[in-house]
2 protein chains.
Amino acid sequence: MKKNPLQCQFVVALDSIVGKWKPIILYHLLQGKTLRFNELRRLLPDITQRMLTLHLRELEEEEIVKRVVYPQIPPKVEYSITEYGMSLSPILETLHQWGVAHVERKQLSKEKNEHIETD
Amino acid sequence: MKKNPLQCQFVVALDSIVGKWKPIILYHLLQGKTLRFNELRRLLPDITQRMLTLHLRELEEEEIVKRVVYPQIPPKVEYSITEYGMSLSPILETLHQWGVAHVERKQLSKEKNEHIETD
DNA sequence: TGGTATAGTATTAAAAAAGATACTGTTTCG
DNA sequence: CGAAACAGTATCTTTTTTAATACTATACCA
């Protein structure tokens with residue numbers, strides 16, 4: 001990728017939290033609890049195992065998520081947010097709030113239109 | 001898309017500002033100036049006309065960007081941030097800051113490694 | 001008269017991301 | 001003994017996104 005120095009900062013930030021599933025994965029881990037692989041799967045019922053693995057590995061790579069493997073059978077692997085990963089908390093929070101407001105806004109303008117149409 | 005109600009808020013927010021080029025487009029428009037199509041192109045030297053058009057149309061659709069066409073030849077079309085679009089400013093700002101810090105962090109740990117290796 | 005600027009569209013190709021499905025080995029539970 | 005739980009891999013297909021390229025019409029300028 002050729003990099004526009006300006007774009008770069010955004011891209012770096014977004015690369016870390018984008019991907020269809022990363023925001024919700026992070027949402028859950030940012031609650032502070034340690035979660036096992038299948039616990040996360042249950043929280044994200046529509047994700048495939050493959051996608052969950054891929055996204056978790058990327059988050060681990062960036063030191064946003066910590067992965068701890070217990071050498072036992074059946075296997076046990078725990079995922080948790082790192083201290084560094086916590087620094088994403090304000091972004092996710094702001095994003096979440098904006099999303100809520102945006103949905104409300106759309107809802108409102110939809111209702112307004114329906115009202116006019118049926119007037 | 002099946003929607004997890006939780007994921008939904010994030011997705012809505014991210015849909016509005018993600019896409020390879022949207023953050024920088026918004027960065028420029030958030031400076032407050034009105035920009036013509038080709039002015040934006042010059043600010044984003046690597047974007048194709050098609051991508052610029054597509055992303056601007058999406059931003060227009062969400063009422064984040066305003067598009068004004070002057071019926072004259074050669075054509076003149078002006079783009080500017082809407083007041084609603086301004087509500088994205090804190091997100092972009094937080095994101096930008098995080099990106100800067102993330103790059104610095106990576107740089108630091110890289111330097112540390114190099115130091116150890118050559119010790 | 002030919003070149004440049006304007007703001008795009010159309011078409012095709014390539015690359016990236018996501019999804020579907022089947023499979024692994026071991027243990028514990030019924 | 002058979003089935004389920006664990007945490008994944010491997011392979012293939014589909015979908016989505018981005019890129020490359022050529023093309024449009026008109027006006028202005030030299």
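## A strand pair to start with

In chain A, V69(A) stands opposite V77(A), a residue of strand β3(A). This pair is a good place to begin exploring the model, which is a predicted one.

Follow the neighbours of V69(A) and V77(A) and you can trace two strands. Strand β2 of chain A covers residues 65-70 and is joined to β3(A) by 6 bridges, with the two running antiparallel. Between β2(A) and β3(A) there are 5 residues, and the two strands form a hairpin.

## The other side of β3(A)

Strand β3(A) has another partner too. Strand β1 of chain A, residues 35-36, pairs with β3(A) over 2 bridges, again in the antiparallel sense. Here you can look for L35(A), whose bridge partner in β3(A) is Y79(A).

Is β3(A) mostly covered or mostly open? Strand β3 of chain A, residues 76-81, is mostly covered, with 5 of its 6 residues buried.

## Two copies, one axis

Now let's bring in chain B. A turn of 180° and a shift of 0.1 Å along the axis lay chain A on chain B with an RMSD of 0.1 Å. The two copies are therefore related as by a two-fold rotation axis. Which residue of chain A comes closest to the rotation axis? That is I91(A), whose C-alpha is 3.4 Å away from the axis.

The interface fits this picture. Of the interface residues of chain A, 100% are also interface residues in chain B, so the copies meet through the same surface.

## Meeting DNA strand C

There are 22 residues around DNA strand C, and those that come nearest are K20(A), Q49(B), R57(B), R67(B) and Y79(B). Among the atoms of DNA strand C that come within 4 Å of the protein, sugar and phosphate account for 71%. Sorted by class, the surface near DNA strand C has 9 nonpolar, 8 charged and 5 polar residues.

Which elements supply this surface? At least two residues each come from α4 (49-61) of chain A and from α3 (37-43), α4 (49-61) and β3 (76-81) of chain B. The helix α4(B) gives the most, with 4 residues.

## Three contacts to find

Zoom in on chain A for some individual contacts. A polar side-chain atom of K20(A) lies 2.6 Å from a phosphate oxygen of DNA strand C. For W21(A), an N or O atom in the side chain is 3.1 Å from a phosphate oxygen of DNA strand C. With R50(A) the partner is a base oxygen of DNA strand C, 2.9 Å from an N or O atom in the side chain of R50(A).

Note on methods: Residues are numbered from 1 along each chain as its sequence is written. Chains are lettered from A and ligands numbered from 1 in the order in which they are written. This is a predicted model: local features need pLDDT of at least 70, side-chain atom pairs count only at pLDDT 80 or more; totals for chains, interfaces and linings use all residues. Side-chain values use heavy atoms; hydrogens and water are left out. A residue is near a molecule or strand if one of its heavy atoms lies within 4 Å of it. A polar contact is a pair of N or O atoms within 3.5 Å; within protein, one must be able to donate a hydrogen and the other to accept it, and residues adjacent in sequence count only if both atoms are side-chain atoms. Ala, Val, Leu, Ile, Met, Phe, Trp, Tyr, Cys and Pro count as nonpolar, Asp, Glu, Lys and Arg as charged, and the others, Gly among them, as polar. Copies are superposed by least squares on the C-alpha atoms of residues with pLDDT of at least 70 in both. Contact means heavy atoms within 4.5 Å. Buried means under 20% relative accessible area, exposed over 50%, partly exposed in between (1.4 Å probe, protein chains only). Two strands pair if DSSP finds at least two bridges between them.
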